Amino acid sequence: MDRRAFLKSGAAIALGATIAGCLGDTGRDYDVAMVSDAYVPRSTATVPDDAPSWVPRDVPTVEVVAGDAVVWENTGARNHTVTAATYDHDQVEALLGISGDAAHAHDPHLPAGADFFSSGSFDGEVAAARSFIDELDGGGVVPPGERYEHAFDVPGWYHYYCIPHLPAGMMGNVHVLDA
Ligand SMILES: [Cu+2]
């Protein structure tokens with residue numbers, strides 16, 4: 001074996017490990033994996049009875065404290081998005097040709113004062129969906145091996161989904177507690 005080539009590859013592996021360990025501004029690991037057609041949180045919280053009626057009870061729920069970031073990592077082989085559900089959600093379902101989506105019978109929306117969030121940083125849910133459908137501006141896609149991160153400053157309930165896999169039920173909640 002060429003000793004110099006061996007040393008080079010060894011150095012590259014060590015450097016790669018160092019960079020991977022520093023990803024994300026908090027330096028921690030991801031909170032939610034995106035794989036196949038599901039969000040898979042590292043730890044799942046239950047939705048209490050007193051949560052708003054529009055919060056789906058049967059989807060993976062992550063609990064954080066206001067100011068915390070949630071990190072999604074695409075650990076699978078397909079493209080995914082992280083897209084907040086808002087009052088515009090029925091328009092998106094129409095764009096995607098979905099009807100009778102029972103999970104969203106109650107108009108999901110953001111807490112008052114909270115900003116819309118989505119991978120690809122769109123202005124709103126409809127813009128995100130149009131971008132994905134029209135394949136413009138990357139569509140907000142988080143490719144395999146990449147991450148999306150969002151800091152939640154306003155306490156309350158958030159519901160989100162993956163645009164291409166919404167028909168398959170790829171959805172999640174984030175519950176942000178008071179700091
Ligand atoms: Cu997906």
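Which residues have the most contacts inside the largest nonpolar core? They are Tyr39, Trp72, Phe117 and Val174, in a core of 35 residues. Several elements give two or more residues to this core: strand 1 (32-35), strand 3, strand 4 (69-74), helix 3 (125-134), strand 7 and strand 8 (171-177). A second, separate core has 5 residues, among them Ala51, Trp54, Val55 and Trp157. In soluble globular proteins, nonpolar side chains tend to be buried together. The model behind this account is predicted.

Take Phe117 as an entry point. Neighbours within four places in sequence are left aside here. Phe117 then touches Trp72, another of the residues with the most contacts inside the largest core. The contacts of Phe117 also include the run Val82, Thr83 and Ala84. Leu110, Tyr148, His150 and Phe152 are in contact with Phe117 as well. Tyr158 and Tyr160 complete the list.

Now step back to the whole chain. The protein chain holds 3 helices and 8 strands. Read along the sequence, the pattern is α-β-β-β-β-β-α-α-β-β-β. Of the 179 residues, 43% count as buried. The accessible surface comes to about 9,400 Å², and carbon and sulfur atoms account for 52% of that surface. Contacts reach far along the sequence. Among those between residues at least 6 apart, 73% join residues at least 24 apart.

The strands lead to a sheet. An open sheet of 4 strands has the order 3-8-7-5, and its pairing is mixed. Strand 3 (61-65) and strand 5 (83-84) are the edges, each pairing on one side only. Strand 5 runs antiparallel to strand 7 (residues 156-161), and 2 bridges join the two. At this junction, Thr83 stands opposite Tyr161 of strand 7. Thr83 also appears among the contacts of Phe117.

Strand 7 also carries a polar residue, His159. Is His159 buried or exposed? His159 counts as buried because its relative accessibility is 0%, and buried means under 20%. What does the side chain of His159 reach at 3.1 Å? The partner is the backbone oxygen of Gly172. The side chain of His159 also makes a polar contact of 2.9 Å with the side chain of Asn173. Gly172 and Asn173 fall within the range of strand 8 (171-177). In the sheet order 3-8-7-5, strand 8 stands next to strand 7.

Definitions and conventions:
Residues are numbered from 1 along each chain as its sequence is written. This is a predicted model: local features need pLDDT of at least 70, side-chain atom pairs count only at pLDDT 80 or more; totals for chains, interfaces and linings use all residues. Side-chain values use heavy atoms; hydrogens and water are left out. Two strands pair if DSSP finds at least two bridges between them. Buried means under 20% relative accessible area, exposed over 50%, partly exposed in between (1.4 Å probe, protein chains only). Contact means heavy atoms within 4.5 Å. Accessible areas come from the Shrake-Rupley method with a 1.4 Å probe; for residues, only the protein chains shown count as cover. A polar contact is a pair of N or O atoms within 3.5 Å; within protein, one must be able to donate a hydrogen and the other to accept it, and residues adjacent in sequence count only if both atoms are side-chain atoms. A nonpolar core is a set of buried Ala, Val, Leu, Ile, Met, Phe, Trp, Tyr and Cys residues joined through side-chain atoms within 4.5 Å.
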